Amino acid sequence: MVIKLTIEQILELTGLEEVDQDSIDFFNSCDFTYEKINDIDGELLKAIKFIDNDKRNTENGNLELWEKSWERNLLSNETTPFHYNSKNFTYVLDGEFIRFNDKDAEVNFFKFLSTCIYKKYFKNMDNVYEFGSGSGINLRNISDIFPNKNLYGLDFSQNAIKSLNNFSEKNSLKIKSSFFDIINPDNSMKIKSNSVVFTQFTLEQTSNKFHDFILFLLKNKPELCVHIEPMPELIEEKSVSDYLSRKFNYKRNYSNGLVPFLQSLERNGMIEILDLKRVKMKRSNGTECGNYLVWKVK
């Protein structure tokens, strides 16, 4: 039986409240049809085997992995990462196991989510800095929404930097890309006034070594900081699927400790957390990356 995700459902899944007509039109233009999976035990067994056999850890070989990944985008002049294909995964929507019919469903789901976040929090900013910008898929989206803003992409992969600069120059976009290592931040770098900083599926790759980057942000005092990342502390272990997601995120060191660290800064009066939400859509193998947190320096 084919089912279509509705706008009401996606708002419930993401915790979003403010959605404009353009975002609704984009949602309606996407194929979010799916079919429910009845063999839950089979899906859970596949997830357990995947997690038990998973050898990847963000501590080792991360630069080499991403250089190879972004090289493919550089050579093809594409900005969409090649590792996104919804046909390769099953998903969990608020506890239900499903299979999307369109290969771009996951990309479009997170484009809808991030676009709504950008429109809510970026609209009054002159400058947007994305740390961990990769090939520029997010900045390209932001450029479409806010063509007059100054956009900066920072990454530690030279192939990602080249890819984004080539795309920006070819399409006459106001995007500049340069080197930045989040684990070892360059404290001589200055963030311009009236700026928003954001990361999207980036801090997950730091193997918990994000503390110096947060201190860098505290020093530079951007107007807002936005993170769209895995946040395993938000997962309540009320189901086997959630238990496995938490286990997977801790095993891979995906943003473990980010939420408690920022909450400790808030308790000490250094920052204010404006928004914190768990998004109830994930890959069934445990990957849960779309949660979001917004904060500002006091």
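**View 1. Lys-46 is partly exposed, with a relative accessible area of 48%, and its side chain meets that of Glu-43 in a salt bridge (3.1 Å, N to O).** Glu-43, by contrast, is buried, at a relative accessible area of 6%. (Buried here is under 20% relative accessible area, exposed is over 50% and partly exposed is in between, with a 1.4 Å probe and protein chains only.) Both residues sit in helix H3 (residues 40-53), 3 residues apart, or about one turn of the helix. Helices (DSSP H or I, at least four residues) and strands (E, at least two) are numbered from the N terminus. For a salt bridge, a side-chain nitrogen of Lys or Arg has to be within 4 Å of a carboxyl oxygen of Asp or Glu, and by this rule the count comes to 16 salt bridges.

A note for every view: this is a predicted model, in which local features need pLDDT of at least 70 and side-chain atom pairs count only at pLDDT 80 or more, while totals for chains, interfaces and linings use all residues. Residues are numbered from 1 along each chain as its sequence is written, and side-chain values use heavy atoms, with hydrogens and water left out.

**View 2. Here the side chains of Arg-278 and Asp-242 pair up in a salt bridge (3.0 Å, N to O).** Arg-278 comes from the loop between strand S10 (271-277) and strand S11 (281-283), and Asp-242 from helix H9 (residues 240-252), so this pair ties together parts that are 36 residues apart in sequence. How buried or exposed are the two partners? Arg-278 is partly exposed, at 23% relative accessibility, while Asp-242 is buried, with a relative accessible area of 13%. They also have company: a network of salt bridges links Asp-242, Arg-278, Lys-282 and Glu-288.

**View 3. Lys-296 and Glu-272 have their side chains joined by a salt bridge (3.9 Å, N to O).** Distant parts of the chain are linked by this pair, with Lys-296 in strand S12 (residues 291-297) and Glu-272 in strand S10, 24 residues apart. Both ends are partly exposed: the relative accessible area is 32% for Lys-296 and 31% for Glu-272.

**View 4. Five strands make an open sheet in the order S1-S2-S4-S3-S11, with antiparallel pairing.** Strand S1 (2-4) and S11 are the edge strands; each has a single partner strand, so one side of each is left without a neighbour in the sheet. On average, neighbouring strands of this sheet are turned by 40 degrees against each other, direction ignored. (Angles run from 0 to 180 degrees between N-to-C directions of axes fitted to C-alpha atoms, for helices over the stretch in contact.) Two strands count as paired if DSSP finds at least two bridges between them. Starting from one edge, S1 pairs with strand S2 (residues 33-36) over 3 bridges, in the antiparallel sense, and Val-2 stands opposite Glu-35 in S2. S2 is then joined to S4 by 3 bridges, again antiparallel. At that join, Glu-35 faces Arg-99 in S4, and Tyr-34 has Phe-100 as its bridge partner.

**View 5. S3 and S4 form a hairpin with 2 residues between them.** In the turn, Asp-94 has a positive phi of about 50 degrees. The two antiparallel strands share 3 bridges, and Tyr-91 stands opposite Ile-98 in S4. Strand S3 (residues 91-93) is also joined to S11 by 3 bridges, running antiparallel, with Leu-93 opposite Met-281 in S11. Helix H5 packs on the sheet and touches S3, strand S4 (96-100) and S11, its direction making about 145 degrees with that of S11.

**View 6. Helix H1 (residues 7-14) crosses helix H5 (residues 105-121) at roughly 70 degrees, with the axes coming within 11 Å.** Which residues meet here? From H1 there are Ile-7, Ile-10, Leu-11, Leu-13 and Thr-14, and from H5 Phe-109, Phe-112 and Leu-113. (Contact means heavy atoms within 4.5 Å.)

**View 7. Ser-133 is found in the loop between strand S5 (127-131) and helix H6 (137-145).** Despite the loop setting, Ser-133 is buried, at 4% relative accessibility. Leaving out residues up to four places away in sequence, Ser-133 touches Leu-139, Gly-153, Leu-154, Asp-155, Leu-164 and Ser-177.
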